[in-house]
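I open this page of the notebook to record what I looked up, entry by entry. The structure comes first, then the notes.

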Amino acid sequence: MSIEAKIAAIHDEDLLAELEAARGGFLFAVIVEHIAHRQALRDAERAEAGRQQDARAAMGRDQRRRDAVRMVIEAEPVTPDTIQHIHSVLALCGLPYRDPGDEREFFREYGRNTLSILAGRLKNPATGQMELQGLPYGPKARLVLLHLCTEAVRQRSPTVEVADSLSGFMREMGFAVTGGERGTIRQFKEQLHRLAACTMQIGLWDGQSRSSTITMPPFRQLDLWRVGGQDGIAWSKTVQFHQDFYDNLVQHALPVDIRAARAFSGSARKLDLLFWIGYRLRSLQRPLRLSWDIVHKQFGADNASLRSFRQAFKADVAHVKEVFPKLPISLDEAGLQLMPTDPGTLLVPPKPARRRAAAGAGAA
């Protein structure tokens, strides 16, 4: 390319100013070469940014959110402010995906761990009656637990402030904070009430001859009062975890990157998948292979057909890998495979070596 063509390709004002300042000097040709190269790099960056913008504009809302979260996670390392916590057993055995209706018990099993949830009652502050509460379900129940477990771990206290912190958490997760019969405030509060009324049983088995069953409600106390007149929503300033649940939580809290949770805040199964992958990869020492039957049992509560589940689950895994493209998870005709990976690829920080070794011995 001639020097005239290189000069003609320079168009940024600051680079043109450098070009004019160099005219007449004996190194002018060298300087033109250098400035033209910088201009070409800028043009390439702008073109790439334009392509990314066009591609993002063609995405749906959820895919656009996942792409934005991926960019943030790649650009900014994990910090204490971006880490939330949830109980490890709940990461392995999740809540119902959809409203169970009038069902009073939910049961899920994974490997040696079992979770049973029994629905309970709460006293209505308006009528004084003990009223049946449904089983907690869906993404909002998981997010409420994620938020409250996080606050308990951070504050090192079983008593958590709710009234102010939950609204902020809802905004942080991408939800508009709206009132009314169908507003998000009522939806989140309903899940909190269901969680506060239920009782959980966590079953543990050593795989041979010994088992343990831990029965506990997540919360010891939830004080409600009626606000906003007769039709107002009952609410509480604080909730208090049951001491046994809290002690177990502190011992077995699973870190979760809140930015990733935000990407999947509208899907219960994707949140469960996110929690489960994070739990498994923190201490994985060798490849983990699970058959489709096992994966279906773990994540297919709403899919009676294995065929329909496989199709839906492949899409869920693909969405998670949009946010974490280096995750060593793959699906084939035999099922799912997870591979040990470098800590930089993990959703959450890895366990310390001593704890990791102990965990591996316990799972053997």
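Before anything else I fix the accessibility scale: a residue is buried under 20% relative accessible area, exposed over 50%, and partly exposed in between. On that scale I enter Glu 18 as partly exposed, because its relative accessible area is 33%.

Entry on confidence. I note that this is a predicted model, and that the protein chain averages a pLDDT of 84, with 91% of the residues scoring at least 70. I then looked up residues 354–364, where the pLDDT is below 50, and found that this stretch has 11 contacts in the model beyond near neighbours in sequence. Where pLDDT is low, the predicted coordinates should not be read in detail.

Entry on salt bridges. Side chains of opposite charge can pair when their charged atoms come close. I have a count of 19 salt bridges for the model, and I looked up three of the pairs.

I began with Glu 18, which forms a salt bridge with Arg 38, the closest N and O atoms being 2.8 Å apart. The pair links distant parts of the chain, since Glu 18 sits in helix α2 and Arg 38 in helix α3, 20 residues apart. I enter Arg 38 as partly exposed, because its relative accessible area is 25%.

I went on to Lys 6 and Glu 33, whose side chains meet in a salt bridge at 2.2 Å, N to O. This pair also links distant parts of the chain, with Lys 6 in helix α1 (residues 3–8) and Glu 33 in helix α3, 27 residues apart. Is Lys 6 buried or exposed? I enter Lys 6 as buried, because its relative accessible area is 19%, while Glu 33, at 41%, counts as partly exposed.

Next came Arg 46, which forms a salt bridge with Asp 43, the closest N and O atoms lying 3.4 Å apart. Both residues belong to helix α3, three residues apart, or about one turn of the helix. I enter Arg 46 as partly exposed at 44% relative accessible area, and Asp 43 as partly exposed at 29%. I also note that Arg 46 and Asp 43 are linked with Asp 12, Asp 14 and Arg 42 in a network of salt bridges.

Entry on strand β1. Why is β1 largely enclosed by the rest of the structure? I find that five of the five residues of this strand (residues 83–87) are buried, so β1 is largely enclosed. Both faces are covered, with Ile 83, His 85 and His 87 buried on one side and Gln 84 and Ile 86 buried on the other. Five bridges join β1 to strand β11 (residues 253–257), and the two run antiparallel; in β11, the bridge partner of His 85 is Pro 255.

Entry on Pro 139. I located Pro 139 in helix α6 (residues 138–155) and enter it as buried, because its relative accessibility is 17%. Leaving out residues up to four places away in sequence, Pro 139 touches Ser 265, Gly 266, Ser 267, Ala 268 and Leu 271. I also looked up Lys 270, which is 131 residues from Pro 139 in sequence but 8.9 Å from it in space, C-alpha to C-alpha.

Entry on two loop residues. I found Arg 156 in the loop between α6 and β6 (159–161), with a positive phi of about 50° although it is not a glycine. Phe 26 has its place in the loop between α2 (13–22) and α3 (28–57), and at 79% relative accessibility Phe 26 counts as exposed. With Leu 27, Val 30 and Ile 31, Phe 26 forms a nonpolar patch on the surface, with about 430 Å² of accessible area together.

Key
Residues are numbered from 1 along each chain as its sequence is written. This is a predicted model: local features need pLDDT of at least 70, side-chain atom pairs count only at pLDDT 80 or more; totals for chains, interfaces and linings use all residues. Side-chain values use heavy atoms; hydrogens and water are left out. Buried means under 20% relative accessible area, exposed over 50%, partly exposed in between (1.4 Å probe, protein chains only). Helices (H or I, at least four residues) and strands (E, at least two) are DSSP runs, numbered from the N terminus. Two strands pair if DSSP finds at least two bridges between them. pLDDT is the predictor's confidence in each residue, from 0 to 100. Contact means heavy atoms within 4.5 Å. Patches are made of residues with over 30% relative accessible area and no salt bridge: like charges are joined within 9 Å, nonpolar side chains (Val, Leu, Ile, Met, Phe, Trp, Tyr) within 5 Å. Accessible areas come from the Shrake-Rupley method with a 1.4 Å probe; for residues, only the protein chains shown count as cover. A salt bridge is a side-chain nitrogen of Lys or Arg within 4 Å of a carboxyl oxygen of Asp or Glu.
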